[in-house]
Amino acid sequence: MRSIDCSTQQPLLAQPDKAPQGSPDEGVQYPPLEPFIAQVEKDSSRMETVWKRTMHQQYQVSDRYDHVAALLVRWDDELDRDLQCKHEVEELNNLFKDDFHFNSRVLKLDTRSRPQSQLNHAVAELVHHHDGPSRKHLLIVYYSGHGVARGDGHLEFAGVPKDPCPVLEGGGRYLPRLKWADSERDLDLAEADVLIVLDCCCAAMIMNKELSDDAKTHEVIAATGRLQKTNAPGSRSFTRYFIDALKEELDKNDRQPFNTYDLNAEITRRRMLNTPYESRIFNRQANARNRRHIALAPLDHIHPGTHEGAGSRPKRAREAATLDLQISFSKRTRLADHEVKQLATKMFEAAKSTDLDITSIDWVEFKPRKEVMQFQQTLNTLFYAIYYLTRWRQIVRRNKKRKAEGAVDDDHPRPTKKPAISTSFPEQPSNSSIRPLSPPPSAHSEAESPQP
């Protein structure tokens, strides 16, 4: 064993399991989305979900992946003494395997060999054994541990919380750190859709590059921003909310598919009740055609551990070519659920009437024009300004009225209540030697009255 010098970079420490104080940002500030923009994203996610369900019903094909494999990464117990991510990672692994029927396993990084090589090998095996066509195959990589913002702008995984690093036990010989960008190269080349979930500090540093593949989607759910901390494992950790949100969406949707946007919205809703941290979801594809959200659902149509369906719908045919069309709306910036269903049904009927063997019609992106969004956002701002101005005037008038009534009361004070006079008298005792007193005679009556 030898001592390891970690003085070159200092990881941001995860916050303990307690209500954090102050601002979570250490550097770059990330303002929240404007309410109108957030509503547009929410509506787009809703319409995409309705469209997919309708099209899958019309084409009678499976509405979920044929195969999903997950790799959950954490550090060995000897290194993970401060965070103790083991219990949450194992709970998530069991949820993936037992409730979602995913092919899931846990990778524990140690320092007996190079951690970079261990993760590179595990990711390569994940792609080698579980890769397949996009929309049919999904690869998930999850990490829980320390995160470091490197000087070159990349994200680094760390096994220890502070420097100098202690002498590692168990024959450790290598620095307990690795560069994530060097481990995801096989994921970049994969044909399957990819979902990366990071529960570490500086998680959004992963967004330093974009991909341009024309087939798959590649999404990231990051626990924090680029230079932000996050809570350690416990009741307020990102993984805790991630697990709870998965269970919530599973029950709420009756085991039907739900997309990553809705999942992250549920995580954020739960986290903001107790912490100032907000998770972020990114699509790493530069091409707009790939900016669809990944849909998660239990593989109930497939026996766990096999690739054959049990009474399932036919699988989606492999595409030979695609055609991108654009539909323009003159007035609409959103569609109701029944309108999305109607549009999907009519387009399916039109495609079916042709002789072109169209196998699917996919929802790519619903995007209101920028100037329309700005105009409607201005109208919303103006509406709320008028509303709050009206409310402010009402409050001012009410306060003035109360003050005026108080001045009148001061000029004409109300009469105080007189003490109540009792009209009841005590009863005389029956055998009493005390006779009632007669009123005293006046002086005039004493002078005129004869003496007895």
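R255 is partly exposed, with 28% relative accessibility, and in this predicted model that arginine offers a convenient place to begin following the charged side chains. Its partner is D300, and the two side chains meet in a salt bridge in which N and O lie 2.8 Å apart. The contact links distant parts of the chain, since R255 sits in the loop between helix 6 and strand 9 (258–259), while D300 belongs to the loop between strand 11 and helix 8, and 45 residues separate them. D300 is likewise partly exposed, its relative accessible area being 38%.

From the loop that holds R255 one can turn to helix 6 itself, which spans residues 238–252 and carries K247. The side chain of K247 meets that of E91 in a salt bridge, with a distance of 3.6 Å from N to O. Because E91 lies in helix 2 and K247 in helix 6, this pair ties together parts of the chain that are 156 residues apart in sequence. E91 counts as partly exposed at 26% relative accessibility, and K247 falls into the partly exposed class at 35%.

A further salt bridge joins R334 and D43, whose closest N and O atoms are 3.3 Å apart. Here, too, distant parts of the chain are linked: D43 is in helix 1 (residues 35–59), R334 is in the loop between strand 11 (295–296) and helix 8 (337–352), and the two are 291 residues apart. Their surroundings can be described separately, for R334 is partly exposed at 38% relative accessibility, whereas D43, at 8%, counts as buried because the limit for that class is under 20%.

These pairs belong to a wider set, as a search of the whole structure finds 25 salt bridges. Side chains of opposite charge can pair when their charged atoms come close.

The remaining feature concerns negative charges on the surface, where D98, D99, D251 and D254 gather in a patch. Residues in such a patch have no salt bridge, so D98, D99, D251 and D254 stand apart from the paired side chains described above. D98 lies in helix 2, which covers residues 86–99, and E91 of the salt bridge with K247 lies in helix 2 as well. With a relative accessible area of 54%, D98 counts as exposed, because that class begins over 50%.

Methods
Residues are numbered from 1 along each chain as its sequence is written. This is a predicted model: local features need pLDDT of at least 70, side-chain atom pairs count only at pLDDT 80 or more; totals for chains, interfaces and linings use all residues. Side-chain values use heavy atoms; hydrogens and water are left out. Patches are made of residues with over 30% relative accessible area and no salt bridge: like charges are joined within 9 Å, nonpolar side chains (Val, Leu, Ile, Met, Phe, Trp, Tyr) within 5 Å. Accessible areas come from the Shrake-Rupley method with a 1.4 Å probe; for residues, only the protein chains shown count as cover. A salt bridge is a side-chain nitrogen of Lys or Arg within 4 Å of a carboxyl oxygen of Asp or Glu. Lys and Arg count as positive and Asp and Glu as negative; His and the chain ends are not counted. The place of a charge is taken as NZ of Lys, CZ of Arg, CG of Asp or CD of Glu. Helices (H or I, at least four residues) and strands (E, at least two) are DSSP runs, numbered from the N terminus. Buried means under 20% relative accessible area, exposed over 50%, partly exposed in between (1.4 Å probe, protein chains only).
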